[in-house]
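Mentor: Let us explore this structure together, one question at a time. Have a look first, then ask away.

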Amino acid sequence: ERYYVETETRPGDQEQEFAKGQTPAGTTIYVLHIHPTVTNAVLADKFKEFGHITAVKIVARQGRNLGYGVISYDKQDSAYEAVKKMHGKEMWGKVLKVRLKKEEGLHPLMHSIPSLV
């Protein structure tokens, strides 16, 4: 499994770098309210039950976790299941918000899933 390494760049730069992976539409989710001590590997471990993860990135600034991350799966159905099962779940003492990345070409069932605006 391959995960992105946390770097000390601005949050927007990290998201753009992550997006260069050219993931298929409907396969990327945002995870918000991540505890500051959570790492990419820990986040991936909690979300791998829904399918094959192609990339995980917790956004950080100056080495500090900013409390949200991005996960990409190889299939839309995996992302759908992750949102369905993990949104609103308490983890690490916080209630997670899990949203599908808003994009074109989504699976018909995905239109009913809340997206991050």
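Trainee: Which residues does Phe47 touch, not counting residues up to four places away in sequence?

Mentor: This is a predicted model: local features need pLDDT (the predictor's confidence in each residue, from 0 to 100) of at least 70, side-chain atom pairs count only at pLDDT 80 or more, and totals for chains, interfaces and linings use all residues. Residues are numbered from 1 along each chain as its sequence is written, while side-chain values use heavy atoms and leave out hydrogens and water. A contact, or touch, means heavy atoms within 4.5 Å. Leaving aside residues up to four places away in sequence, Phe47 touches Ile29, Val31, Ile53, Ile71, Tyr73, Ala82, Met86, Leu96 and Val98.

Trainee: What pattern does the protein chain follow, read along the sequence?

Mentor: Helices (H or I, at least four residues) and strands (E, at least two) are DSSP runs, numbered from the N terminus. The chain comes to three helices and seven strands. Along the sequence, the pattern is α-β-α-β-β-α-β-β-β-β.

Trainee: Which element gives the largest share of the largest nonpolar core?

Mentor: A nonpolar core is a set of buried Ala, Val, Leu, Ile, Met, Phe, Trp, Tyr and Cys residues joined through side-chain atoms within 4.5 Å; buried means under 20% relative accessible area, exposed over 50%, and partly exposed in between (1.4 Å probe, protein chains only). The largest such core has 21 residues, and Phe47 is among those with the most contacts inside it. Two or more residues of this core come from each of β1, α2, β2, β3, α3 and β6. The largest share, four residues, is given by α3.

Trainee: How wide an arc do the buried residues of α3 cover around the axis?

Mentor: In helix α3 (residues 76–86), the buried residues are Gln76, Ser78, Ala79, Ala82, Val83 and Met86. They all lie on the same side of α3, because their arc, taken from the directions from the helix axis to the C-beta atoms, is only 165 degrees.

Trainee: Which elements do the buried residues of α3 pack against?

Mentor: An α-helix has 3.6 residues a turn, so residues three or four places apart point the same way. The partners of the buried α3 residues are β1 (28–32), α2 (40–47), β3 (64–73), β4 (90–91) and β6 (97–101).

Trainee: Which residue in β3 is the bridge partner of Ala55?

Mentor: Two strands pair if DSSP finds at least two bridges between them. Strand β2 (residues 53–61) pairs with β3 in the antiparallel sense over seven bridges, and β1 pairs with β3 in the antiparallel sense over five. Seven of the 10 residues of β3 are buried, so the rest of the structure largely encloses this strand. Within β3, Thr28 stands opposite Ser72, and the bridge partner of Ala55 is Ser72.

Trainee: How many Å separate the C-alpha atoms of Tyr30 and Leu100?

Mentor: Tyr30 lies in strand β1 and counts as buried at 15% relative accessibility. Tyr30 and Leu100 are 70 residues apart along the chain, yet their C-alpha atoms are separated by 6.2 Å.

Trainee: What is the average pLDDT of the protein chain?

Mentor: Where pLDDT is low, the predicted coordinates should not be read in detail. In this chain, 68% of the residues score at least 70. Over residues 1–11 the pLDDT is below 50, and residues 13–17 are below 50 as well. The chain's average pLDDT is 78.
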